[in-house]
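Subject: Structure handover

Hello,

Here is the structure I promised to pass on. Please open it beside this email, and then read the notes below.

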Amino acid sequence: MDWKAYSLIPIDIMWEFLPTLEEVAGKIGAMDAFYAQQVAAAGEVDLTTFLASFESAKQAARDVGWEGDFRGSPRVLWLPMAEFSFTWGFVWKQDNNGETFVVSPYPLPWLEP
């Protein structure tokens with residue numbers, strides 16, 4: 001996935017409204033095997049794809065200054081797609097200085113400096 005990564009000043013409120021990476025991965029992983037096969041065949045999300053996308057998102061964040069540490073759990077944000085569905089992005093705080101990183105599959109122009 002091609003990511004657009006943003007480095008922002010610390011955001012210190014309302015994190016509790018975004019699901020954690022672990023919560024979303026748990027829900028995806030809880031799908032029964034039959035449903036997971038149908039989802040994968042339809043090109044939808046599966047746990048392997050989701051976790052691999054987080055790994056590539058972390059690399060995109062490194063390119064804009066992320067030092068590799070987290071303050072709290074990374075969070076998942078959901079973005080609408082033109083196909084009338086949702087896709088995911090990620091957001092987290094760096095522990096070192098509280099800097100916030102947003103990684104999205106689409107440009108978010110309001111986050112541009």
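**The aromatic cluster**

One aromatic cluster is formed by Trp3, Phe50, Phe54, Trp66, Phe70, Trp78, Trp88, Phe90, Trp92 and Phe101. Keep in mind that this is a predicted model. In total, the structure holds eleven aromatic pairs. One of them joins Trp66 and Phe70. Their ring centres are 5.1 Å apart, with 50 degrees between the planes. That pair counts as tilted, because stacked needs planes under 30 degrees apart and edge-to-face needs over 60.

How exposed are the two partners? Trp66 is buried, at a relative accessible area of 4%. Phe70 is partly exposed, at 28%.

**A lysine beside the rings**

Now find Lys58, in helix H3. Leaving out residues up to four places away in sequence, Lys58 touches Trp66, Phe70 and Trp92. Is Lys58 buried or exposed? Its relative accessible area is 13%, so it counts as buried, the cut-off being under 20%.

**The cores**

Next, the largest nonpolar core. It has 18 residues. Which of them touch the most other members? They are Trp3, Phe50, Val76, Phe90, Trp92 and Val103. Four elements give two or more residues to this core: H1, helix H3 (47-62), strand S3 (86-93) and strand S4 (100-104). H3 gives the largest share, five residues. There is also a second, separate core of nine residues. Among its members are Leu8, Leu77, Val102 and Leu108.

As background, nonpolar side chains tend to be buried together in soluble globular proteins.

Phe90 is a good residue to click on. Set aside its neighbours within four places in sequence. Its contacts then include Trp3, Phe50, Phe54 and Phe101, which are also in the aromatic cluster. Phe90 also contacts Leu21, Ser53, Ala57, Arg75, Val76, Leu77, Val102 and Val103.

**A nonpolar patch on the surface**

Finally, turn to the outside. Which residues form a nonpolar patch there? They are Ile13, Met14 and Phe17. Together they have about 390 Å² of accessible area. Phe17 sits in the loop between strand S1 (4-8) and helix H1 (21-29). Its relative accessible area is 63%, and exposed means over 50%, so Phe17 counts as exposed. Compare two aromatic residues on screen: Phe17 is exposed, whereas Trp66 is buried.

Best wishes

Conventions: Residues numbered from 1 in each chain as written. Predicted model: local features only at pLDDT ≥ 70, side-chain atom pairs only at ≥ 80, totals over all residues. Heavy atoms only, no water. Patch = residues over 30% accessible without salt bridge, like charges linked within 9 Å, V, L, I, M, F, W, Y side chains within 5 Å. Areas by Shrake-Rupley, 256 points an atom, 1.4 Å probe, with all protein chains shown as cover. Salt bridge = Lys/Arg side-chain N within 4 Å of Asp/Glu carboxyl O. Buried < 20%, exposed > 50% of the residue type's maximum accessible area, 1.4 Å probe, protein only. Core = buried A, V, L, I, M, F, W, Y, C linked by side-chain atoms within 4.5 Å. Contact = heavy atoms within 4.5 Å. Phe/Tyr/Trp six-rings, centres within 6.5 Å; stacked < 30°, edge-to-face > 60°.
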